[in-house]
Amino acid sequence: MRYSKFFLPTLKEVPAEAEVISHKLLLRAGMIRKLASGLYSYLPLGLRSLRKVEKIIREEMDRAGAQEVLLPMVQPSELWKESGRWERYGKELLRFEDRHGRASCLGPTHEEVITDIVRKEIRSYRDLPLNLYQIQTKFRDEIRPRFGLMRSREFLMKDAYSFDVDDDALEKTYQVMYKAYCRIFERCGLDFRPVEADTGSIGGHASHEFMVMADTGEDQIACCTSCDYAANVELAPVIQSSNHQITKSPNHQITKVSTPGKRSVEEVTEFLGVSADCLVKTLIVIADDRPVAALIRGDHELNDVKLMRLLGVEGLNFADDATVRSVTGAPVGFAGPVGLSEGLKVVADQDVSILKNFVTGANEPDAHFTGVNWGRDVSMPEFADIRVITEGDPCPRCKGKIELKRGIEVGHIFKLGTKYSEVLGATFLDADGKKQLAVMGCYGIGVGRTVAAAIEQNHDENGIIFPIPIAPFEVIISLINVKDTVMSKAAEDLYNGLMAQGVEVLLDDRKERPGVKFKDADLLGIPLRIVVGKRLEEKNEVEIRSRVTGETISVIKNEAVKKVVEILQ
């Protein structure tokens with residue numbers, strides 16, 4: 001492709017709308033353009049990278065035994081009502097009516113549609129296992145789309161759905177897909193980690209996220225420094241503390257202390273001269289319209305996902321000021337477990353169970369209790385792991401130390417079990433002629449998000465540094481002087497020679513200054529740059545520069561094609 005004929009509208013300045021580096025560089029490099037909030041058009045350069053990711057996915061899905069289908073983006077409400085998700089999914093589900101008043105939605109996912117196909121077509125255990133996938137547009141009406149392709153409303157996704165005869169068969173399929181995902185992200189040239197994760201709104205009983213490691217990632221990952229354990233902090237279990245500094249201290253007398261205007265953990269502990277791990281904060285949350293008190297050590301954070309699972313609820317939100325006051329009798333910042341209504345459910349994190357003489361709110365304005373003890377001052381609540389794991393906590397698997405890293409979720413696989421086959425009636429006859437529920441799994445990859453994540457992980461101050469497998473072009477030829485017939489002839493020879501070897505080349509034949517061409521080459525992130533300039537006249541050589549290392553080598557013009565092919569291989 002010749003740059004002069006290629007639609008590639010680069011930008012010198014960073015657009016004001018862009019926050020994260022991938023969004024900035026995708027816009028600056030002319031790969032995407034915004035149509036509206038959360039809606040982006042792929043321009044030719046961006047589409048080339050997108051198609052490369054798609055190709056890798058298709059090859060590995062086919063290799064894993066999955067078969068490609070294409071399902072409608074518009075889905076009838078009847079299916080979603082049958083599965084129970086029409087109301088439960090929330091406002092991210094874009095609902096609408098057609099001219100006949102029939103309610104439908106734009107598909108954010110396709111569990112209902114694929115299960116409907118299988119329940120109508122599969123009859124016998126001999127028809128299973130079955131694994132169907134598609135690469136198709138999804139729509140989720142995000143309340144605040146941001147970060148470009150990282151969190152848009154309309155996006156391209158690969159979603160696969162497997163159907164097996166039982167849990168053991170699902171486990172085999174799940175492992176096949178797990179390995180396929182590892183190969184996909186390895187082939188994309190990404191530094192990634194599979195991590196244990198929550199199943200979220202999709203449901204099911206086990207899942208793994210595939211995280212591209214990047215300091216700018218939205219997700220926090222708990223990783224062990226001694227073994228390969230990794231989990232999203234939402235899911236990572238915490239081993240209960242057993243040797244707290246005050247465990248063996250004698251019981252103190254409970255005392256009410258005036259703490260005027262001291263609401264936060266920092267303010268209260270500084271005022272009282274105690275450490276945050278000696279304070280128990282009482283958080284009032286609304287769990288499916290029911291108030292619940294959650295007790296957490298002052299230096300820890302509540303894990304919403306763990307608490308939701310413990311309570312068996314679908315939604316969890318912090319109570320507003322009025323609710324906190326009605327439940328505790330005090331404004332926010334002064335709630336405590338002493339004297340709470342017996343009808344209020346109280347759940348305490350396991351790490352507060354060993355505390356003695358701790359500090360809590362006094363359930364009245366501007367007051368806290370010190371010297372609080374379990375059993376004497378507060379009835380023993382239900383204790384459970386409801387906090388977020390922290391740096392330095394022991395690994396749940398090997399007791400090594402946990403460190404926290406950041407990552408970008410690009411893939412997610414789930415063991416759905418019979419969640420959808422049961423409510424939608426996807427059954428088959430087993431070898432004994434008995435009706436059984438199909439056991440399902442589902443497997444998603446954000447295709448555009450993978451491109452964006454690659455940029456988040458691979459860039460510098462000059463622009464993108466694409467991994468070779470997903471780069472829009474493998475080589476860019478920078479022709480320094482388009483009016484010089486010798487240089488132009490050499491550039492054409494290299495261009496044609498590389499294309500004959502199957503190399504994807506962009507020939508920069510624009511009438512621009514060398515500095516402009518070099519800056520654009522770095523911005524676009526193309527792995528190799530061949531400079532056809534003065535060295536051609538002086539030594540019959542061209543320069544080959546690696547975008548990754550910045551290393552430049554000079555080679556004889558007639559050997560350049562061979563050398564480039566060697567480097568790319």
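A salt bridge is a side-chain nitrogen of Lys or Arg within 4 Å of a carboxyl oxygen of Asp or Glu. The model is predicted, so local features need pLDDT of at least 70 and side-chain atom pairs count only at pLDDT 80 or more, while totals for chains, interfaces and linings use all residues. Residues are numbered from 1 along each chain as its sequence is written, and side-chain values use heavy atoms, leaving out hydrogens and water.

**Exercise 1.** Find the residue with which Asp-520 forms a salt bridge, and place both.

Step 1. The partner is Arg-510, with the closest N and O atoms 3.0 Å apart.
Step 2. Asp-520 lies in helix H13 and Arg-510 in the loop between strand S28 (505-508) and H13, so the pair ties together parts 10 residues apart in sequence. Helices (H or I, at least four residues) and strands (E, at least two) are DSSP runs, numbered from the N terminus.
Step 3. Both residues are buried, that is, under 20% relative accessible area with a 1.4 Å probe, protein chains only (exposed is over 50%, partly exposed in between).

**Exercise 2.** Describe the salt bridge between Glu-112 and Arg-85.

Step 1. The closest N and O atoms are 2.7 Å apart.
Step 2. Glu-112 is in helix H5 and Arg-85 in helix H4, 27 residues apart.
Step 3. Glu-112 and Arg-85 are buried.

**Exercise 3.** Determine how strands S10 and S21 pair.

Step 1. S10 (residues 206-213) and S21 (residues 402-417) are antiparallel, with eight bridges; pairing requires at least two bridges found by DSSP between two strands.
Step 2. Met-211 has Glu-409 of S21 as its bridge partner.
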